[in-house]
Amino acid sequence: MRRMKRWVAIVTALAALCVMMGAVGCSSGENEAQPTASAGEVADRLKNGITFVDQMSEVDLTVALTQYSIDEQDVAQGKVYMSTGATAEEIAVLDATSDEAAQRIYEALQKRVERQREDFEDYVPAELQKLEDPVLEKNGVQVVLCISDDNEAAQALLQG
């Protein structure tokens with residue numbers, strides 16, 4: 001009887017450990033933590049913390065979402081800065097309404113970068129370097145796109 005109680009205690013402890021390990025260990029590779037700063041704060045931090053070649057102007061969110069082909073229903077809040085069009089420089093920080101919406105936004109921003117590559121290939125080929133590896137990341141329900149000459153600075157600003 002004593003062995004049986006010990007065996008049950010060990011099995012129960014192992015089961016609890018497995019449950020805890022499973023909860024801690026599942027990660028999809030993207031940062032799943034919820035954003036600590038609002039979309040506007042993050043966008044402003046990027047705009048003010050990076051030197052842009054072109055003038056960056058805030059774009060009405062509804063206009064930007066149309067340009068990105070993003071459904072307004074997927075966005076809780078956001079802020080977008082675009083250049084004059086002479087460069088590919090751009091900042092978009094969008095807080096989605098759900099994880100699924102965040103994934104759709106992420107994919108739409110990926111397509112935006114692809115279209116920009118095609119547009120700038122013949123128009124201003126020098127801009128292609130910015131579009132080769134822009135900062136595009138999903139942090140919980142917040143999706144960030146930053147196209148600039150300084151990805152390291154953008155990454156550092158996103159971490160802080």
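## A walk outward from strand 3

Let us begin with strand 3, where Glu90, Ala92, Leu94 and Ala96 point one way while Ile91, Val93 and Asp95 point the other way, and all of these residues are buried. Please keep in mind that this is a predicted model. Being buried here means having under 20% relative accessible area. Since 7 of the 7 residues of strand 3 are buried, the strand is largely enclosed by the rest of the structure.

What does strand 3 pair with? Strand 2 runs antiparallel to strand 3, and 7 bridges join the two. If you would like a landmark for this pairing, find Gly78, which stands opposite Leu94 in strand 3. Strand 3 also pairs with strand 5, residues 142–147, in the antiparallel sense and over 6 bridges. A good landmark there is Ala92, which stands opposite Leu145 in strand 5.

Now let us turn to helix 3, which spans residues 61–68 and has Ala64, Leu65 and Tyr68 buried. These three cover an arc of only 100° around the axis, so they sit on the same side of helix 3. What do the buried residues of helix 3 pack against? Their partners are strand 1 (57–59), strand 2 (75–82), strand 3 (90–96) and helix 4 (99–123).

The two ends of this helix are worth a look as well. At the N-terminal end, Asp60 acts as a cap for helix 3, with a side-chain oxygen 3.1 Å from the backbone nitrogen of Thr62. After helix 3 comes Ser69, whose phi is positive, near 60°.

With these elements in view, we can look at the nonpolar interior. The largest nonpolar core has 26 residues, and those with the most contacts inside it are Tyr68, Ile70, Val80, Ile105 and Leu109. At least two residues of this core come from each of helix 3, strand 2, strand 3, helix 4, helix 5 (128–132) and strand 5. Helix 4 gives the most, supplying 7 residues.

Val80 is a handy place to see how these parts meet. Leaving aside its neighbours within four places in sequence, Val80 is in contact with Ser57, Glu58, Val59, Leu61, Ala64, Tyr68, Ile91, Ala92 and Leu94. You have already met several of these names: Ala64 and Tyr68 are buried in helix 3, while Ile91, Ala92 and Leu94 belong to strand 3.

Finally, there is a second, separate core of 17 residues, which includes Val42, Met56, Tyr81 and Ala154.

Definitions and conventions:
Residues are numbered from 1 along each chain as its sequence is written. This is a predicted model: local features need pLDDT of at least 70, side-chain atom pairs count only at pLDDT 80 or more; totals for chains, interfaces and linings use all residues. Side-chain values use heavy atoms; hydrogens and water are left out. Buried means under 20% relative accessible area, exposed over 50%, partly exposed in between (1.4 Å probe, protein chains only). Helices (H or I, at least four residues) and strands (E, at least two) are DSSP runs, numbered from the N terminus. The arc is that of the directions from the helix axis to the C-beta atoms. Contact means heavy atoms within 4.5 Å. A polar contact is a pair of N or O atoms within 3.5 Å; within protein, one must be able to donate a hydrogen and the other to accept it, and residues adjacent in sequence count only if both atoms are side-chain atoms. Two strands pair if DSSP finds at least two bridges between them. A nonpolar core is a set of buried Ala, Val, Leu, Ile, Met, Phe, Trp, Tyr and Cys residues joined through side-chain atoms within 4.5 Å.
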